[in-house]
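Student: I have a protein structure open in front of me and would like to learn how to read it. Could we go through it together?

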Amino acid sequence: MSKASSSQRGSVSVTGVLLHLLPAVLLFSLFAAVGMLHVTSRVMVVDMGYRLSRAEAESRSLTRENDRLKLELATLKAPGRLERVAREQLGMTMPAGSAVVSLSAEKPARSSASASAPSPSQDKPGVRVAGRGGSGR
């Protein structure tokens, strides 16, 4: 009987080994999962930092472009430039002094004669009318 009892003591069952290794395997798996999550989160943080840096650079670039366009617009809207373009490219000239009619902002008091036939320019206060030559529209 000594052989039978020594063979039972010397043999190790697979189930017993797995039960002894299971806590170690579970602990290793837990550490591996936590490590992978940590590395993944750090990679995501670094990637977001790069994205933020690119967005800030693009914002600075767009701000500079906006400032440049504002300056160009102010230059194009300058009265001196507009007058020069009107004269040189469009062939415009200043009207003669008699061709410009300036109306006051308030409606003048109508007399009985003018009340019967109001002129179109009296209905629009503050309108300036320029005519050709001395036609005096």
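Tutor: Gladly; we will go from the overall layout to one helix, its salt bridges and a surface patch. Keep in mind that this is a predicted model.

Student: Let's start with the layout. How many helices and strands are there in the protein?

Tutor: A good habit is to list the elements and then their order. Here the protein has four helices and two strands, and along the sequence they follow the pattern α-α-α-β-α-β.

Student: What share of the 137 residues is buried?

Tutor: A residue is called buried when its relative accessible area is under 20%. In this protein, buried residues make up 2% of the 137. The accessible surface comes to about 12,200 Å², and carbon and sulfur atoms account for 64% of that surface.

Student: Now helix α2. Which residues does it cover, and what span should it have?

Tutor: Helix α2 runs over residues 14–76. To check a helix, compare its expected span with the distance between its ends. At 1.5 Å a residue, the 63 residues of α2 should span 93 Å. The C-alpha atoms at its ends are 89 Å apart, which agrees.

Student: Where in α2 does a kink lie?

Tutor: Look at leucine 21, where α2 has a kink of about 40°. Proline 23 follows shortly after that position.

Student: Is leucine 21 buried, partly exposed or exposed?

Tutor: Partly exposed means between 20% and 50% relative accessible area. Leucine 21 has 45%, so it is partly exposed. This leucine also belongs to a nonpolar surface patch of about 350 Å², together with Val12, Val17 and Val25.

Student: I would like to move on to charges. How many salt bridges does the structure hold?

Tutor: For a salt bridge, look for a side-chain nitrogen of Lys or Arg within 4 Å of a carboxyl oxygen of Asp or Glu. The structure holds four of them. One of these joins aspartate 47 and arginine 51, at 3.5 Å from N to O.

Student: How far apart are aspartate 47 and arginine 51 along helix α2?

Tutor: Try counting along the helix. These two are four residues apart in α2, so about one helical turn separates them. Aspartate 47 is partly exposed at 33% relative accessibility, and arginine 51 is partly exposed at 46%.

Student: Which residues do shared salt-bridge partners join into one network?

Tutor: Build the picture one pair at a time. Glutamate 65 meets arginine 68 in a salt bridge of 2.7 Å, N to O; both lie in α2, three residues apart, about one turn of the helix. Arginine 68 also meets glutamate 72, at 3.3 Å from N to O. Shared partners thus join Glu65, Arg68 and Glu72 into one network.

Student: What are the relative accessibilities of glutamate 65, arginine 68 and glutamate 72?

Tutor: Glutamate 65 has 34%, arginine 68 has 44% and glutamate 72 has 37%. Each value counts as partly exposed.

Student: One more stop: where does leucine 82 lie, and what does it touch?

Tutor: Leucine 82 lies in helix α3, residues 79–88. When reading contacts, it helps to set aside close sequence neighbours. Not counting residues up to four places away in sequence, leucine 82 touches Leu76 and Lys77. At 45% relative accessibility, leucine 82 counts as partly exposed.

Methods: Residues are numbered from 1 along each chain as its sequence is written. This is a predicted model: local features need pLDDT of at least 70, side-chain atom pairs count only at pLDDT 80 or more; totals for chains, interfaces and linings use all residues. Side-chain values use heavy atoms; hydrogens and water are left out. Patches are made of residues with over 30% relative accessible area and no salt bridge: like charges are joined within 9 Å, nonpolar side chains (Val, Leu, Ile, Met, Phe, Trp, Tyr) within 5 Å. Accessible areas come from the Shrake-Rupley method with a 1.4 Å probe; for residues, only the protein chains shown count as cover. Buried means under 20% relative accessible area, exposed over 50%, partly exposed in between (1.4 Å probe, protein chains only). The expected span of a helix is 1.5 Å times one less than its number of residues. The bend at a residue is the angle between axes fitted to the seven residues ending there and the seven starting there. Contact means heavy atoms within 4.5 Å.
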